[in-house]
Structure formats: C-alpha cells, structure tokens
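Colleague: Please put the model up, and then we can go through it question by question.

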Amino acid sequence: MIRTLLFFFLVAVVSVSAQIDDYFKESTRDRTGMMKSYEISKEDILDNMVRRREQLGKMLEKAKDDLTGHEAGRTLLSDEEYEKLKKKAEILERKLERMMDIDERELDRMHRREERRQARRRSRSREL
C-alpha cells in the first residue's frame, strides 16, 4: 500500500516538474521573442519621462506634506529623519527641474542609449 502511494506520488512530482519546466521554457521564449521585435521610439521615451515626472511629483508632494506635518506638529520626526526628508525633497525638486529642461539633443542621446540597451538584451536572449 505504501509503495503504491509512494509510486503515484513520485509520478505526480515528475509530471508536475516537467510541466513547470515547459512553462518556464515557453515563457522565456515569449520574453525573448518580444524583446527581438520590440524597438523603442522617441515617443516611448517621452511617455516614460512623463510617467516618471508624475511619479517624482507625487513623491515630492508626499515628502513636502511630511515635512509640513512635522513643522506643524502633526507628526513627529527625529532630527535625522527630518534632515533625510528635507534632503530627499531637495533632490526630487532638482531632478524634476532637470527633467523639464530636456532638449532634442538630450532626447537623441537617451534614444541611442536605449537602443544600445535593447541590442544588449537581444544578444543576451540569443545566448539562452
């Protein structure tokens, strides 16, 4: 009885492991196939920048709210936390300002860098 149960258990484990192996092989093929056909455009880069600016804006807003809350006495931060948050807000502000001043030359540079990154990914996917 125990041998029979053990046998069926081993058969089930082997079957499931083969299915899992096939799943990962297929998903790797899908990823590499997608990467081979995917080319990034300048519009994609601009869209990503817009999304990133929105994300950084939300982060800056939260940091400023936390600082205001501390200064108003609503929340209590340690001196170290307060200084870190203040520095974070300054960094986010500078980053957002730099992102607003993107010219065509900078956009071309970003596009070329992204094309090189995609080429590296494609070459790595061929090695799989």
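Modeller: One definition before we start: buried means under 20% relative accessible area, exposed over 50%, and partly exposed in between, with a 1.4 Å probe and protein chains only. This is a predicted model, where local features need pLDDT of at least 70 and side-chain atom pairs count only at pLDDT 80 or more, while totals for chains, interfaces and linings use all residues. Residues are numbered from 1 along each chain as its sequence is written, and side-chain values use heavy atoms, with hydrogens and water left out.

Colleague: How many helices does the protein chain have?

Modeller: Helices (H or I, at least four residues) and strands (E, at least two) are DSSP runs, numbered from the N terminus. From that end, the elements run α-α-α-α. The chain has zero strands, and its number of helices is four.

Colleague: What percentage of the residues in the protein chain is buried?

Modeller: In helix α4, the buried residues are L107, M110, H111, E114, Q118, R122 and S125. Over the 128 residues of the protein chain, the buried share is 20%.

Colleague: How far apart are the end C-alpha atoms of helix α4?

Modeller: The expected span is 1.5 Å times one less than the number of residues. Helix α4 covers residues 104–127, so its 24 residues should span 34 Å. The model agrees with that, as the end C-alpha atoms are apart by 35 Å.

Colleague: Which helices are linked by the salt bridge of D108 and K42?

Modeller: A salt bridge is a side-chain nitrogen of Lys or Arg within 4 Å of a carboxyl oxygen of Asp or Glu. The side chains of D108 and K42 meet that at 2.3 Å, N to O. The two residues are 66 apart in the chain, and the helices they link are α4, with D108, and α2 (residues 42–72), with K42.

Colleague: How many residues apart in sequence are the parts that K64 and E93 tie together?

Modeller: The side chains of K64 and E93 form a salt bridge at 2.8 Å, N to O. K64 lies in helix α2 and E93 in helix α3 (residues 79–100), so the separation of the parts they tie together is 29 residues. K64 counts as partly exposed because its relative accessible area is 39%. E93 is also partly exposed, at 29%.

Colleague: Is R109, the salt-bridge partner of E106, buried, partly exposed or exposed?

Modeller: The E106 and R109 side chains meet at 2.4 Å, N to O. Being three residues apart in helix α4, they are separated by about one helical turn. At 36% relative accessibility, R109 counts as partly exposed.

Colleague: Which residues are joined into one network by salt bridges that share partners?

Modeller: The whole structure holds seven salt bridges. Those that share partners join into one network the residues K42, E104 and D108.

Colleague: What is the relative accessibility of R120, a residue of helix α4?

Modeller: R120 gathers with R112, R113, R116, R121 and R124 in a patch of positive charge on the surface. Patches are made of residues with over 30% relative accessible area and no salt bridge, with like charges joined within 9 Å and nonpolar side chains (Val, Leu, Ile, Met, Phe, Trp, Tyr) within 5 Å. R120 counts as partly exposed, its relative accessibility being 42%.

Notes. Areas by Shrake-Rupley, 256 points an atom, 1.4 Å probe, with all protein chains shown as cover. Lys, Arg positive; Asp, Glu negative; His and termini not counted. Charge placed at Lys NZ, Arg CZ, Asp CG, Glu CD.
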